[in-house]
Amino acid sequence: MLGILAGPGVGEALVGAAVTEELVLDTPFGSPSSHVRIVRVGESRVAVLARHGDENDIPPSRVPSRANVYALKQVGVTHVLAFDEVRSLRDEIRPGDLVIADQVIDRTTRRATTFFDEGISVHVEMARPYCESLRARALGTTGVSTRSVHPRGTYVCVEGPSWSTAAEAHMHRLVGGDILGQTAMPEARVAREAELCAALVCYVVADCEGWRVSTKVDATSVPDSKRENDRRVATGAAMALLAATAEDLHDHPPGSCSCHDALSRAVATSPGAIRPETRARYGVLLARFLAEVGEDR
Ligand SMILES: [Zn+2]
């Protein structure tokens, strides 16, 4: 099943979609940001979670990424499209564009960074933080469109909730950042730990202020009406991509890729040494791995 971690705009649009089921879940990592809503997108059932809560009242540092990803895993999600509002650090990435991010620089400082923080040692590969196969699917759905979709981009994830200073914006550009946001991490990391295929669709709603030499195109000089229009264009494009990707996954079910057995190459602890309380804590996260190594009871 396809799961959606919805940011502002996309989340509100999906709440208006046909909800067929509403699940109130708890996880070993706390409560997720919202109920998990099963909505119908075309022929597909899609599980939707509002990352910042239904009222947009959960700030980035307090988004329970572990509980959110665990809850999606719990309801049978195998593929996740995460949607995120970002700001641009590059001339060629304009408000209204989409960026299917392929890299992340994690600059967060105050978040739980992993599921596996006790009782077991697990080191997943993160060189490619997103599933190339799902990224290609999402990109393939945009082929006939004239809107601007960037097939790659490096997302700098800052702690927030404020945006960066001008000096920081320059630094983010110097280290290779293309877009700036506040929620990609630890979300991508824990999705990999949960053996989910994940892709991040970023909708650009503004320029990051302060890095341009010319002030006439600085974000502060952009009228509110243009900002609102850019936001509407970007979230509309994100919704179209979501619908097309859901349809594509429904019509052409994906084969297995290396995301789905990420733990097979990552668990350093001998399976026989994993204690019952540890198995209970990690629940659905370890179930496939323990079955694979014959330690599932
Ligand atoms: Zn994958």
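In this predicted model, T154 has a relative accessibility of 16% and therefore counts as buried, the cut-off being under 20%. T154 belongs to strand β9, which spans residues 154-158. Apart from neighbours within four places in sequence, T154 makes contact with D102, Q103, I105, G176, G177, D178 and I179.

**Zinc site**

The zinc ion is held by four protein donors, namely the SG atoms of C131, C197, C257 and C259, at 2.1 to 2.3 Å. The angles among these four donor atoms run from 95 to 123 degrees, and the site is tetrahedral. Along the chain, the donors are arranged with the spacing C-x65-C-x59-C-x1-C. C197 is part of strand β11 (residues 197-207), whereas C257 sits in the loop between α6 (224-251) and α7 (276-282); the pair therefore ties together parts that are 60 residues apart in sequence. Both C197 and C257 are buried.

**Internal cavities**

The model contains three cavities of 30 Å³ or more. The largest of them is described in the table.

| Property of the largest cavity | Value |
|---|---|
| Space | About 80 Å³ |
| Lining residues | 13 residues |
| Nonpolar lining residues | 12 residues |
| Polar lining residues | no residues |
| Charged lining residues | one residue |

Of the lining residues, A82, Y130, E187, A188 and A198 lie nearest the centre of the largest cavity. Three elements, β5 (79-88), α5 (187-193) and β11, each contribute at least two residues to this lining. Strand β11 thus appears in both descriptions: it carries the zinc donor C197 and supplies part of the lining of the largest cavity.

How values were computed: Residues numbered from 1 in each chain as written. Predicted model: local features only at pLDDT ≥ 70, side-chain atom pairs only at ≥ 80, totals over all residues. Heavy atoms only, no water. Helix = DSSP H or I, 4+ residues; strand = E, 2+ residues; numbered from the N terminus. Buried < 20%, exposed > 50% of the residue type's maximum accessible area, 1.4 Å probe, protein only. Contact = heavy atoms within 4.5 Å. Donors = N, O, S within 2.8 Å, 3.2 Å for Na, K, Ca; no water. Tetrahedral: all angles 85-135°; square planar, octahedral: opposite > 155°, others 65-115°. 1 Å grid on protein atoms, 1.4 Å probe; cavity = no way out; pocket = protein on both sides within 12 Å on 5 of 7 lines; lining within 4 Å. Points joined across faces, edges and corners; volume = space filled by probe spheres on them. Nonpolar A, V, L, I, M, F, W, Y, C, P; charged D, E, K, R; others polar.
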